[in-house]
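Good morning, everyone, and thank you for making room for me on the schedule. I would like to walk you slowly through one model, so please have the sequence and the picture open in front of you while I talk.

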Amino acid sequence: MLQNRVDPFGNIIRTSARGTLMGNRGLLHNEKQEIRRPFKLTAWITCVLEFKGRRRPVMAAGQYTELFFLDEATSFAAGHRPCFECRRPEASAFKTFWLKGNPEYGFNAKTPIKFIDDVLQRERIDQDCKKITFMEFPEVLPIGTLVIFKSEPYLIKNGMMYRWSAEGYEAAKPFPKEKLSVLTPKSVVNTFGAGYVPLFIE
């Protein structure tokens, strides 16, 4: 069992559960398939599991580390965004709604995606590689956002929240009457609010 699944905190974990999307942060493992760094690139992307019949051994020596996610909502919470090669429609929609939801940056359609990646890098982890969060009432958060409640990650969906696990989401729970720590980066939450709806396991 390889250490190659990612949870909503952005941690790379070991689990037998399978993911529905793949991701990439660069080469993170050594020749023994052991994770040695949390990231190498600032472009953290999310890819489809199959693309143009390409096949590659997982965590091959000297190649980027294949990471896997329960769903797109999880990948966004961890700080990833869609790949412009294998998920071009989703990547284009993400950029469009990101620009709409985050006008304060002054970016436009011609702005390279690297500038958005730089914003995401500042929002997802601090200088010690610890997860960055912000506080908000759950009822004002858009669908697909992940939050922390009693130290556990929860998905916001249809006026309720659902506890995340590597296998899927558990039964609905009403919102508590308090602000919660939000795992999904702030600009991504704004992207959801502007109209991008992430995919999640039902």
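Let me begin with the sheet, an open one of six strands that run in the order S7-S12-S8-S9-S10-S11, with antiparallel pairing. Its edge strands are S7, which covers residues 134-136, and S11, which covers 168-173, and each of these pairs on one side only. If we ignore direction, neighbouring strands of this sheet are turned by 40 degrees against each other on average. I should say at this point that what you are looking at is a predicted model, so please hear everything that follows as a description of that prediction.

Staying with the sheet for a moment, strand S10, residues 160-165, pairs with S11 in the antiparallel sense over four bridges, and the two strands form a hairpin with two residues between them. You can follow the pairing residue by residue, since tyrosine 162 has alanine 172 in S11 as its bridge partner, while tryptophan 164 stands opposite tyrosine 169 in S11.

There is another hairpin close to the start of the numbering, where strand S1, residues 3-6, and strand S2, residues 12-14, pair in the antiparallel sense over three bridges. Here glutamine 3 stands opposite arginine 14 in S2. Five residues lie between the strands of this hairpin, and in it glycine 10 takes a positive phi near 90 degrees.

Now to the interior. Which residues have the most contacts inside the largest nonpolar core? That core has 13 residues, and the ones with the most contacts inside it are Ala73, Leu146, Leu155, Trp164, Tyr169, Leu183 and Phe200. Helix H1, strand S8, which is residues 146-149, and S10 each supply at least two residues of this core. Apart from it lies another core, of eleven residues, among them Trp98, Leu99, Ile113 and Val119. Going back to leucine 146, if we do not count residues up to four places away in sequence, leucine 146 touches several residues, including Pro8, Ala73, Ala77, Leu155, Trp164 and Leu183.

Let me turn to helix H2, residues 88-101, where we can do a small check together. At 1.5 Å a residue, the 14 residues of this helix should span 20 Å, and the end C-alpha atoms are indeed 20 Å apart, so the expectation and the model agree. The buried residues of H2 are Ala91, Phe94, Lys95, Trp98, Leu99 and Gly101. Because they cover an arc of only 165 degrees around the axis, they are on the same side of H2. The face turned away from that buried side carries the exposed residues Pro89 and Lys100. As for what the buried residues pack against, their partners are helix H1 (72-78), strand S6 (81-82), helix H3 (113-124) and helix H4 (186-194).

One of these residues, leucine 99 in helix H2, deserves a second look. Leucine 99 has a relative accessible area of 17%, and because buried means under 20%, it counts as buried. Not counting residues up to four places away in sequence, leucine 99 touches Phe107, Asn108 and Ala109.

It is useful to set two further residues side by side. Is arginine 81, which sits in strand S6, buried or exposed? At 6% relative accessibility, arginine 81 counts as buried, and, leaving aside its neighbours within four places in sequence, its contacts include Trp44, Phe76, Phe94, Ile113 and Asp117. Glutamate 85, by contrast, lies in the loop between S6 and H2 and, at 48% relative accessibility, counts as partly exposed. With neighbours within four places left aside, glutamate 85 is in contact with Phe51 and Arg54. Glutamate 85 and cysteine 47 are 38 residues apart in sequence, and their C-alpha atoms are 8.4 Å apart in space.

Finally, in helix H4 the residues Ser187, Val188, Val189, Thr191, Phe192 and Ala194 are buried, and the buried residues of this helix pack against H1, H2, H3, S7 and strand S12, which is residues 180-182. H4 is followed by glycine 195, whose phi is positive, near 135 degrees. That brings me to the end of my tour, and I am happy to go back to any part of the picture with you.

How values were computed: Residues are numbered from 1 along each chain as its sequence is written. This is a predicted model: local features need pLDDT of at least 70, side-chain atom pairs count only at pLDDT 80 or more; totals for chains, interfaces and linings use all residues. Side-chain values use heavy atoms; hydrogens and water are left out. Two strands pair if DSSP finds at least two bridges between them. The expected span of a helix is 1.5 Å times one less than its number of residues. Buried means under 20% relative accessible area, exposed over 50%, partly exposed in between (1.4 Å probe, protein chains only). The arc is that of the directions from the helix axis to the C-beta atoms. Contact means heavy atoms within 4.5 Å. Axes are lines fitted to C-alpha atoms, for helices over the stretch in contact, and angles run from 0 to 180 degrees between N-to-C directions. A nonpolar core is a set of buried Ala, Val, Leu, Ile, Met, Phe, Trp, Tyr and Cys residues joined through side-chain atoms within 4.5 Å.
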